[in-house]
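This briefing addresses domain arrangement, the contact between chains, and one helix pair. The structure is shown below.

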Number of protein chains: 2
Amino acid sequence: MRVYLAGPDVFLPDPLARGAALKAVCARHGLTGVFPMDALDQEPEEWAGLAEPHRIALRNEAHIRGADALIANLTPFRGPSADVGTVFELGFMRALNRPVFGWSNGHPVFLARTRAFLGDAASLAGDGVWRDGEGMALESFGCLDNLMIDGAVAASGGVLEVADLDAATRWTDLAAFERCVARAAAVLAAG
Amino acid sequence: MRVYLAGPDVFLPDPLARGAALKAVCARHGLTGVFPMDALDQEPEEWAGLAEPHRIALRNEAHIRGADALIANLTPFRGPSADVGTVFELGFMRALNRPVFGWSNGHPVFLARTRAFLGDAASLAGDGVWRDGEGMALESFGCLDNLMIDGAVAASGGVLEVADLDAATRWTDLAAFERCVARAAAVLAAG
């Protein structure tokens with residue numbers, strides 16, 4: 001079974017080594033990991049004329065369509081939430097009605113992370129809602145991230161696995177990822 | 001034709017008023033705007049036992065499946081990128097092969113916004129790649145946001161409309177949104 005490995009891992013200093021490490025974990029659990037930078041078996045000729053970012057986007061979409069499940073690295077990225085490219089891909093796979101999983105090496109509660117990010121700009125309004133400096137509400141459901149993410153993972157039969165690590169190991173430790181892979185293998189085996 | 005209105009607009013102080021304003025623009029262009037907070041015609045009975053965030057997520061997914069196109073408010077939200085819930089929904093609709101559109105009232109270049117967000121933590125590495133303090137690369141394709149977003153909009157036949165506004169009008173001005181609605185109406189009319 002093929003599992004698409006969504007995540008900001010592609011931005012790491014050595015993304016190919018990272019992809020190989022993630023795939024090795026998948027292989028230990030009997031799954032084939034598909035990394036976004038993998039080449040397609042055959043790229044449509046009509047893509048040749050596309051700008052590079054558009055071609056990469058279509059390649060990633062094709063990888064997702066060709067996978068049985070998706071595992072997203074939801075570790076907070078340049079803000080309180082996960083990387084938006086990763087979350088785009090999670091939504092894409094969710095619409096295909098296949099199981100989606102997530103893991104994160106950050107703090108497990110979205111509200112706490114958002115408050116920490118906003119600092120003094122966050123305040124508890126009279127209606128009991130936390131709001132930022134522009135008056136926009138903070139989600140306070142106890143979710144890992146925006147409710148569309150938590151909701152999709154739950155509804156698809158996936159799981160979220162979290163390890164609250166500090167910056168030194170956030171982009172290297174794969175324990176939460178491996179727990180996620182093990183659960184994905186079990187869900188896919190159960191069919 | 002029905003257009004799903006994805007965006008962090010739901011977090012504004014008066015989200016129902018905002019939804020009504022967005023729908024009024026859609027109506028002027030012959031489209032029916034669907035706001036995330038709209039009730040479903042009929043909510044499945046089995047959702048009654050779900051936690052609130054999971055029920056909201058499924059409602060939004062149902063709204064998207066019931067729409068002919070999606071227009072996303074991609075104005076940067078608590079970081080250099082768009083709101084992740086919005087981007088999840090954009091990816092979801094893209095997987096359904098329907099046209100997706102985006103608008104933003106922020107700076108039009110993702111790399112510039114990310115550099116501004118990172119400040120001194122961003123530096124130009126010897127290989128010509130901008131990297132953050134953790135060594136992770138910045139996308140530098142000239143896109144509005146992560147390439148999955150720009151790529152999906154382009155491939156689906158949609159457009160991106162941007163107005164580079166300051167904080168005072170970023171969450172009120174609807175000029176870029178209206179241009180987006182006009183283009184969506186034209187694309188949907190052309191079939």
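In this predicted model, the centres of domain 1 of chain A and domain 2 of chain A, taken over C-alpha atoms, are separated by 28 Å. The contact between chain A and chain B involves 47 residues of chain B and 47 residues of chain A.

**Domains of chain A**

- Domain 1 is assigned to 2-108 + 145-190 of chain A, and domain 2 to 109-143.
- Where these domains touch, domain 1 of chain A contributes 10 residues and domain 2 of chain A contributes nine residues.
- On the domain 1 side of chain A that touches domain 2, four residues are nonpolar, four are polar and two are charged.

**The side of chain B that touches chain A**

- Two or more residues each come from helix 2 (52-65), helix 3 (84-95), helix 4 (110-118) and helix 5 (147-156) of chain B.
- Helix 3 of chain B supplies the largest share of this side, with 10 residues.
- By class, this side of chain B comprises 30 nonpolar, 10 polar and seven charged residues.

**Helix 3 of chain A against helix 5 of chain B**

- The axes of helix 3 (residues 84-95) of chain A and helix 5 of chain B lie 8 Å apart, and the packing angle is about 50 degrees.
- An angle that falls between the roughly parallel limit of 35 degrees and the roughly perpendicular range of 65 to 115 counts as oblique; helix 3 of chain A and helix 5 of chain B are therefore oblique to each other.
- From helix 3 of chain A, the residues A:V84, A:G85, A:F88 and A:E89 meet B:L147, B:M148 and B:I149 of helix 5 of chain B.
- The residues of this helix contact comprise five nonpolar, one polar and one charged.

How values were computed:
Residues are numbered from 1 along each chain as its sequence is written. Chains are lettered from A and ligands numbered from 1 in the order in which they are written. This is a predicted model: local features need pLDDT of at least 70, side-chain atom pairs count only at pLDDT 80 or more; totals for chains, interfaces and linings use all residues. Domain bounds come from an automatic or database domain assignment. Two residues are in contact if their C-beta atoms, placed from the backbone, lie within 7 Å. Ala, Val, Leu, Ile, Met, Phe, Trp, Tyr, Cys and Pro count as nonpolar, Asp, Glu, Lys and Arg as charged, and the others, Gly among them, as polar. Helices (H or I, at least four residues) and strands (E, at least two) are DSSP runs, numbered from the N terminus. Axes are lines fitted to C-alpha atoms, for helices over the stretch in contact, and angles run from 0 to 180 degrees between N-to-C directions. Angles under 35 degrees count as roughly parallel, over 145 as roughly antiparallel, 65 to 115 as roughly perpendicular and the rest as oblique.
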